[in-house]
Amino acid sequence: MGDKKNNTARLREIKRFNNKKYREHTKLSRRKNIEPSQYLTEMKSPDSILEIENLCTYFYTDVGTVKAVDGVTFNVPKGKTVGVVGESGCGKSVMSLSVMRLLQEPQGQIASGEIRFRQSSENRAVNIPNLPLKEMQKIRGNEISMIFQEPMTTLNPVFSIGAQLDESILLHNKGISKKDAAKRSIEMLELVGIARAEGIYKGYPHELSGGMRQRVVIAMALSCNPEIIIADEPTTALDVTIQAQILDLLRDLKNKINASIILITHDLGVVAEMADFVVVMYAGRIVEQGTASDIFHNPQHPYTVGLMKSRPTSHGQQEKLYSIPGSVPNPTDLPDFCYFKNRCEFCMDICGQKYPPLYKLSNTHKAACYLCKDEKSKFEGGVFSE
Ligand SMILES: Nc1ncnc2c1ncn2[C@@H]1O[C@H](COP(=O)(O)OP(=O)(O)O)[C@@H](O)[C@H]1O
Ligand code: SF4
Ligand SMILES: [Mg+2]
């Protein structure tokens with residue numbers, strides 16, 4: 001009886017807190033005349049096009065605050081590919097939706113942190129969370145475009161492929177004629193490896209296979225010459241052979257266009273061949289980050305090592321896939337010690353006392369694990385060798 005009463009009081013408390021957060025957010029988002037000084041900023045590194053610093057994105061839900069992204073910091077250098085990897089529910093999509101400002105508001109909010117974007121078209125740097133909506137709309141789908149997992153979320157079933165591509169090209173290339181837009185659309189379809197591009201141009205989304213649709217979506221994302229492409233699990237909904245083809249396409253495009261790519265996936269194998277840098281996320285935080293070589297040849301965090309072990313083999317033999325035992329902790333009730341503790345075979349006393357800091361292992365490589373406290377890697381000596 002007492003428990004039930006406590007629970008009701010707790011839920012009422014959550015509701016009150018959420019309402020306060022919603023009101024604050026609505027007030028902020030309705031602001032008129034936002035001064036440029038509120039969103040203009042400086043990039044910290046001359047090489048980067050996007051700098052995410054201490055990003056916290058929370059969902060204020062009926063059962064409590066979901067800390068979907070909680071203090072994430074990484075840079076996207078110009079022209080490079082950054083792979084963001086982690087199991088389902090680790091905050092990868094919420095992180096990218098925060099960059100696009102496409103969160104489900106007011107439940108989902110960027111609670112704090114900066115997302116600095118070098119907006120070369122305007123010769124300035126802006127802090128995305130503070131941008132007025134109108135300015136954000138200019139960036140979205142124009143300078144930063146996103147490829148979603150399920151192509152039908154991007155394609156409209158009632159319009160032809162050509163009409164949708166033309167519309168995107170006309171919107172993003174001021175002054176271009178309809179005829180030139182159509183020509184460009186066909187070129188884009190050819191660029192993404194579609195044979196008989198003219199026929200496909202006249203076709204409708206439902207007439208295409210999943211792999212072809214995803215190619216069309218990629219053509220659409222490229223049609224505005226974006227500076228950054230965010231690909232959120234672009235191959236997950238496809239079967240294995242088509243997955244490989246789409247990855248080949250992305251890899252090929254990476255060399256043809258000068259865009260930076262954020263490639264989000266739960267599969268380390270996918271980023272292995274494409275990424276220059278890798279960020280490993282676990283329960284809303286970065287647990288390890290480094291160059292692709294740091295992560296693949298010298299993984300330090302037991303979670304990264306687990307992800308490596310659960311990679312499917314490329315020989316096509318589908319043996320029983322290893323999966324890390326246990327599951328991600330409840331995002332509304334995260335402990336103040338290492339989130340991986342209950343799944344970690346290397347757990348020590350200190351792991352249950354305080355959340356580990358990100359230890360710097362080299363100029364490029366960091367990991368949030370007490371095993372990295374001493375400079376000498378504890379994984380040396382073949383602990384993790386097969
Ligand atoms: N609209 C939402 N409302 C409440 N919680 C959400 C919402 N969207 C995502 N979350 C939560 O945020 C966390 C991160 O989700 P997500 O970024 O989608 O994970 P990933 O893309 O890594 O699989 C999860 O715990 C998920 O349940
Ligand atoms: S800090 Fe401790 S529990 Fe966490 S991953 Fe490292 S060794 Fe495992
Ligand atoms: Mg996702």
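In this predicted model, helices H7 and H8 run roughly parallel to each other, because the angle between their axes falls under 35 degrees. The axes of H7, residues 210-222, and H8, residues 240-256, cross at roughly 20° and come within 10 Å. Their crossing is right-handed. On the H7 side, the contact is made by Gly210, Gly211, Gln214, Arg215 and Ile218, which meet Ile242, Gln245, Ile246 and Leu249 of H8. Sorted by class, the residues of this contact comprise 4 nonpolar, 4 polar and 1 charged.

It helps to look next at H7 by itself. The helix has 13 residues, which at 1.5 Å a residue should span 18 Å, and its end C-alpha atoms do lie 18 Å apart, so the expected and modelled spans agree. How much of H7 is buried? The count is 11 of its 13 residues, so the helix is largely enclosed by the rest of the structure. The buried stretch consists of Met212, Arg213, Gln214, Arg215, Val216, Val217, Ile218, Ala219, Met220, Ala221 and Leu222. Two arginines, Arg213 and Arg215, are thus listed among the buried residues, and Arg215 also takes part in the contact with H8.

What do the buried residues of H7 pack against? Their partners are strand S7 (144-147), helix H4 (161-172), helix H5 (178-191), strand S8 (228-232) and H8.

Of these partners, H4 deserves a closer look. Two packed helices are described by the angle between their axes and the distance between the axes. For H4 and H7, the angle is about 20° and the axes are 9 Å apart. The two helices are therefore roughly parallel to each other, and H4 passes H7 in a right-handed crossing. Here Ile161, Gln164, Leu165 and Ser168 of H4 meet Val216, Ala219 and Met220 of H7. By class, this contact holds 5 nonpolar and 2 polar residues, with no charged ones. The three H7 residues that meet H4, namely Val216, Ala219 and Met220, also appear among the buried residues of H7.

Elsewhere in the chain, helix H2, residues 92-100, is mostly covered as well, with 8 of its 9 residues buried. These are Lys92, Ser93, Val94, Met95, Ser96, Leu97, Ser98 and Val99. Just after H2 comes Arg101, whose phi is positive, at about 55°.

Technical notes:
Residues are numbered from 1 along each chain as its sequence is written. Chains are lettered from A and ligands numbered from 1 in the order in which they are written. This is a predicted model: local features need pLDDT of at least 70, side-chain atom pairs count only at pLDDT 80 or more; totals for chains, interfaces and linings use all residues. Axes are lines fitted to C-alpha atoms, for helices over the stretch in contact, and angles run from 0 to 180 degrees between N-to-C directions. Helices (H or I, at least four residues) and strands (E, at least two) are DSSP runs, numbered from the N terminus. Angles under 35 degrees count as roughly parallel, over 145 as roughly antiparallel, 65 to 115 as roughly perpendicular and the rest as oblique. A crossing is left-handed if the near helix is turned anticlockwise from the far one by less than a right angle, and right-handed if clockwise. Two residues are in contact if their C-beta atoms, placed from the backbone, lie within 7 Å. Ala, Val, Leu, Ile, Met, Phe, Trp, Tyr, Cys and Pro count as nonpolar, Asp, Glu, Lys and Arg as charged, and the others, Gly among them, as polar. The expected span of a helix is 1.5 Å times one less than its number of residues. A residue is buried if 20 or more other C-beta atoms lie within 10 Å of its own, exposed if 12 or fewer, and partly exposed in between; C-beta atoms are placed from the backbone.
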